[in-house]
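Work through the exercises below with the structure open. Each task is followed by a stepwise solution.

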Amino acid sequence: MTLALRPATPLDAGATGDILYRFQQDTAWMPKLYSSAQTIMFCGMMIDRGWVTVAVREGTVLGFLARKEQEVCSLYLASGACGQGAGKRLLDAAKAAAPRLVLNTFAANTRAQRFYLREGFAEVARGDGSGNEEGLPDIAYEWRALREAAA
């Protein structure tokens, strides 16, 4: 039951879109803004741009990370996949590819906040929700590789 990371292919749009859609639907505080088809299309666009890495175990996509240069645009895990190492592995791969990473998470997402702090990110700003389409307060985080942070 080895966990593998690989670049996403167009055929992963359904699985990644479903992970994102399920997060939206299953999270009480998250506005229900998009249909399943819209989330699949969105994930397909990120995949087409080469941004997405998937974590796969036994042929099943457990999670994905979308990174555009230094920005982590998305990091989502399938329901039940938290705590199995997929998120950490995806984030470690992103860290290995860039000396600095930035991302935002919603203030209501305390689980994500704990994860990012544990993984060496530092809070750099807070927003009131006017900067995202969900209208939810958010927190900006930054991570720097030790070699860059020391410079």
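At 35% relative accessibility, Arg22 counts as partly exposed. The model is predicted.

**Exercise 1.** Find the salt-bridge partner of Arg22 and classify the partner as buried or exposed.

Solution.
- Step 1: Look for a carboxyl oxygen within 4 Å of a side-chain nitrogen of Arg. Asp26 qualifies, with N to O at 3.1 Å.
- Step 2: Place the pair. Arg22 and Asp26 both sit in helix α1, residues 13-26. They are 4 residues apart, about one turn of the helix.
- Step 3: Check accessibility. Exposed means over 50%. Asp26 has 52% relative accessibility, so Asp26 counts as exposed.

**Exercise 2.** Which residue forms a salt bridge with Asp92, and in which helix do the two lie?

Solution.
- Step 1: The partner is Lys88, and the closest N and O atoms are 3.2 Å apart.
- Step 2: Both residues, Asp92 and Lys88, belong to helix α3, residues 86-97. Their spacing is 4 residues, about one turn of the helix.
- Step 3: Asp92 is partly exposed at 31%. Lys88 is partly exposed too, at 39%.
- Step 4: Follow the links outward. Lys88, Asp92, Lys95 and Glu119 are joined in a network of salt bridges.

**Exercise 3.** Classify Glu142 and Arg144, whose side chains meet in a salt bridge, as buried, partly exposed or exposed.

Solution.
- Step 1: Confirm the contact: N to O is 3.1 Å.
- Step 2: Buried means under 20%. Glu142 has a relative accessible area of 18%, so Glu142 is buried.
- Step 3: Arg144 has 35%, so Arg144 is partly exposed.

**Exercise 4.** How many salt bridges does the model hold by this rule?

Solution.
- The count is 8 salt bridges.

Definitions and conventions:
Residues numbered from 1 in each chain as written. Predicted model: local features only at pLDDT ≥ 70, side-chain atom pairs only at ≥ 80, totals over all residues. Heavy atoms only, no water. Buried < 20%, exposed > 50% of the residue type's maximum accessible area, 1.4 Å probe, protein only.
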